[in-house]
Each structure stands twice: as structure tokens, then as C-alpha cells.
Amino acid sequence: MNVLFMAYGTPYQRSETLPYYTDIRRGRPPTQELLEELEERYRRIGRSPLNEITYAQAVRLEAALNATLPLFPEPLAASPGPRVQGPARVYLGTKHWHPFIAEAVKAMAQDGVKQAVGIVAAPHFSGRSIAEYQEKVTQALAELGDPFEIRFVEEYYDHPGYIRAVATRVVEQLWRLVEPQKALFLFTAHSIPERAAQDGRYPGQIRATAALVAQTLGLLHWDTAWQSAGRTPEPWIGPDINQKLEEAQAAGYREVVVTAVGFPSDHLEVYYDLDYEAQNTAQKLGIRLLRTRSLNADADYIEVLRDIVARKWREFEP
Ligand code: FEC
């Protein structure tokens, strides 16, 4: 079993911010002002842990797949090496930095992979997320003469294990509320340009995840909001989390729990946009803002990934 596990990627060091940002902008370098603004956001949070978390997710997914697959083809070594060599192999490729998706695809081809499952650490489908990951894989494969077949997992926003994992973390914040019945629960995801959201698939999936979590926990007051809209002139989908907090205050809410359902991992958009920016907004408004813990490389999220990948792999079976 071969898996191409993909995530967004982040620079490892400050000097890489410019080429990283240029890659996000499809090869157009940002203005000095935009670059400085992004550098300031990284400075404010210290650094993004996204690469480390993504690596841990890939390693644990491989271990989880190997632990449930029957029969190791080779005798196990007394001490596992850097990777436990089982029948499942997870390759890691990131969208905007090293190891790029194309680098992972090349490594897979060199290893003689003939079939693989592709999955992204993002549960909701959009033309500006999963579709772009798929395009990068397809292009990398075409450049190598299509050495292997890949089947993509497009979405898992309603997977029962994923809903349970998110709900578990919301409960932890529920316990901290002074008046849980009067609190507002906001579920956020990365905004995308309105043009890319016209078919309703992405906003619909975010809403569905939020509704399933709210239903699981019997939440009385909940809604969705958007975060991290890009610095481009075109309109992005809203309302933004900061605007939503103002509306919440006007409606009389004094405690708000925010859950970033669009992102499984901690990174810049969680630490800056929620923990710094939204937290500042909340404080100015006199709102107590709590954020739920991310899924990261925790066992329950890895089990969701394992289940989805294993099901997809079965599609290759005659
Ligand atoms: O921790 C880090 O350093 C990286 C955090 C990070 C994640 C992430 C996820 C998503 N994005 C999505 C859409 C867009 C679109 C544009 C865009 C731009 C940026 C910029 C940074 C950035 N994104 Fe991101 N995104 C993260 C970081 N993103 C930095 C550039 C500066 C800025 O605008 O803030 C606009 C591109 C353009 O200019 O054309 C669109 C979506 C996701 C969630 C799915 C996924 O993870 O792939 C959708 C993490």
C-alpha cells in the first residue's frame, strides 16, 4: 500500500519566506509591503510548527496502516530503523515548500510505486485547496510519463471519527465556560475567493461539519465564520471571524468558543489569525474567547486518516 500524504507546507527559516510566498502566488513575487507583513506575522507567533506536525502525521499514519495490515513481508529487525518497514509506505509532499508534491511523486516513481492513494490534511474540498493539490500531482506524474496510478480522497468532512475528534476537543472548552448555555460556538475555515466558492461545495461542507459537531454535543448557539482571507483585491467569502465577534457582542454573547474545523493542524493561520488577532478583537469587545485544541498528529485523527486511506486502497482490488 502506497500513500501520498499532502499538506500546505511552511518555510523552515526566515530566509525562505520570500520564495515560499512567491510559490503561493503562483510565481509572482509579493510586494515588499506584503512580504514584510507576512514576516511580521511569523515573528509574532515565533514560528509555524506545520512541517513538524505534518511529518508526525505521515509517520504515524504509516505506522497505523502497518499495524493493521496483515503479514510483514520481511522479518522485523530487532530494533526498528528510522522507518518501520512494513507493507505500507507513506510519502510526504507539501503544496508550497519542501518536500514539494513533485519531489514526493518523483521519490514514489523511483521506488517503483504502481498504485497509490492521495490524501490531503484538509477535510473539505474546494477549488483552491484539494483541487490544486490534485493538479500538482497530476502535473508531476505527467512530467514523469505517468509512472503510477493514483486515487484521491477528495473530502472527509463528515467522517464519524473526524466529527467525534472535533467534538471531543469542543467538550474540553465547554467545561471551561462559566455559562455554557449562553455561549456561542463558532466553527471557522480558511476563506477563499467568492469566485471559487460559487458552486457552494466548500461552504456547504464547512457548514455540514459544524452542524454535525453541534448536533453531537447538543450545542444551542453555533454558527460558521471565515478566517485568513488573502491579501488580494477580489472579494473573499465572509463574514470574517473578527466581524462575527462584533456581531456576537452586539447580540449579547460574552463567551465564544472558536474551532478551526478547516485545519487539522496548528500553524500560522491558527496561531496568528485566531490566537493573536481574533483574541485581540475579543478582548476589545469584552468577550472571553476560547479556542479548541487542533487535531495535529493525535491518535484519533490518525485513525480517521487510516480508515479513509484503507477504504480508498480497496478500490484498487479487482
Ligand atoms: O503555517 C504556515 O506557514 C502556513 C499556514 C497556511 C495554511 C493555509 C491553508 C489554506 N490556504 C488556503 C487558501 C489560500 C488562498 C490564498 C492563500 C494564501 C496564503 C498565504 C499564506 C497562507 N495562505 Fe493559504 N494557508 C496558509 C498560509 N491561501 C502565508 C499568503 C499570504 C496571505 O494571503 O495570507 C491566496 C493565494 C493567492 O494569492 O493566489 C486561496 C486554503 C487552505 C486550507 C486547505 C489547505 O490546508 O490546503 C483553502 C495551512
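Start by selecting Phe5. Leaving aside residues up to four places away in sequence, Phe5 touches Thr54, Gln57, Ala58, Leu61, Val90, Tyr91, Leu92, Gly93, Ile119, Ala121 and Leu305. Keep in mind as you look around that this is a predicted model.

**The nonpolar cores**

Keep Phe5 on screen and add Ile119. Within the largest nonpolar core, which has 49 residues, Phe5 and Ile119 are those with the most contacts. Now colour the elements that build this core: strands S1 (2-7), S2 (89-94), S3 (115-120) and S5 (184-190), together with helices H3 (50-68), H6 (160-174), H7 (201-217) and H11 (299-314), each supply at least two of its residues. Which helix gives the most to this core? Select H11, which contributes seven residues. The core lies between domain 1 (2-156 + 298-316) and domain 2 (160-291), because both of them give residues to it.

There is a second, separate core to pick out, made of 21 residues. Select Ile101, Ala122, Tyr133 and Ala140, which are among them.

**The two domains**

Next, give each domain its own colour. The domain assignment gives domain 1 as 2-156 + 298-316 and domain 2 as 160-291. Taken over C-alpha atoms, the centres of the two domains are 26 Å apart. Where they meet, 26 residues of domain 1 are in contact with 24 residues of domain 2.

**The iron atom**

Now show the ligand and find its iron atom. Which residue is the only protein donor of this iron? Select Tyr8: its OH atom sits at 2.5 Å from the metal. To place Tyr8 in the chain, look at the loop that runs between strand S1 and helix H1 (17-24).

**The largest pocket**

Stay with Tyr8, and add Ile24, Lys95, His96 and His190. These five lie nearest the centre of the largest pocket, out of the 50 residues that line it. The pocket holds about 1,200 Å³ of space. For the helices around it, select H1, H2 (32-45), H5 (130-143), H7 and H9 (268-271), each of which supplies at least two residues of the lining. H5 gives the most, with five residues.

**Helix H1 and the residue after it**

Zoom in on H1. Which of its residues are buried? Select Thr17, Tyr20, Tyr21 and Thr22. Bring H2 into view as well, since the buried residues of H1 pack against H2. Then step on to Arg26, which follows H1 and has a positive phi, near 55°.

**Two cis peptide bonds**

Select His98 and Pro99 together. The peptide bond from His98 to Pro99 is cis, with omega near -5°. Pro99 has its place in the loop between S2 and helix H4 (101-110).

Now move to Gly238 and Pro239. Here too the peptide bond is cis, and its omega is near 10°. For Pro239, the surrounding loop is the one between strand S6 (222-227) and helix H8 (241-250).

**Two more positive phi angles**

Remain in the loop between S6 and H8, where you will also find Ser228. Although Ser228 is not a glycine, it has a positive phi of about 65°. Is Ser228 buried or exposed? With a relative accessible area of 7%, Ser228 is buried.

Select Asn296 next, in the loop between strand S8 (288-291) and H11. Asn296 is a residue other than glycine with a positive phi, near 50°. At 16% relative accessibility, Asn296 counts as buried.

**The cavity**

For the last stop, look for enclosed space. How many cavities of 30 Å³ or more does a search of the whole structure find? The search finds one, and the largest cavity has about 120 Å³ of space. To centre your view on it, select Thr259, Ala260, Phe263, Arg293 and Ser294, the closest to its centre of the 15 residues that line it. Finally, show H6, which provides the largest share of the lining, three residues. H6 is also one of the elements that supply at least two residues of the largest nonpolar core.

How values were computed
Residues are numbered from 1 along each chain as its sequence is written. This is a predicted model: local features need pLDDT of at least 70, side-chain atom pairs count only at pLDDT 80 or more; totals for chains, interfaces and linings use all residues. Side-chain values use heavy atoms; hydrogens and water are left out. Donors are N, O and S atoms within 2.8 Å of the metal (3.2 Å for Na, K and Ca); water is not among the atoms, so sites may look incomplete. Helices (H or I, at least four residues) and strands (E, at least two) are DSSP runs, numbered from the N terminus. A nonpolar core is a set of buried Ala, Val, Leu, Ile, Met, Phe, Trp, Tyr and Cys residues joined through side-chain atoms within 4.5 Å. Buried means under 20% relative accessible area, exposed over 50%, partly exposed in between (1.4 Å probe, protein chains only). Domain bounds come from an automatic or database domain assignment. Contact means heavy atoms within 4.5 Å. On a 1 Å grid over the protein atoms alone, a cavity is a set of points where a 1.4 Å probe fits but cannot get out, and a pocket is an open set with protein on both sides within 12 Å along at least five of seven lines; lining residues have an atom within 4 Å of a point. Grid points are joined across faces, edges and corners, and a volume is the space filled by probe spheres set on the points.
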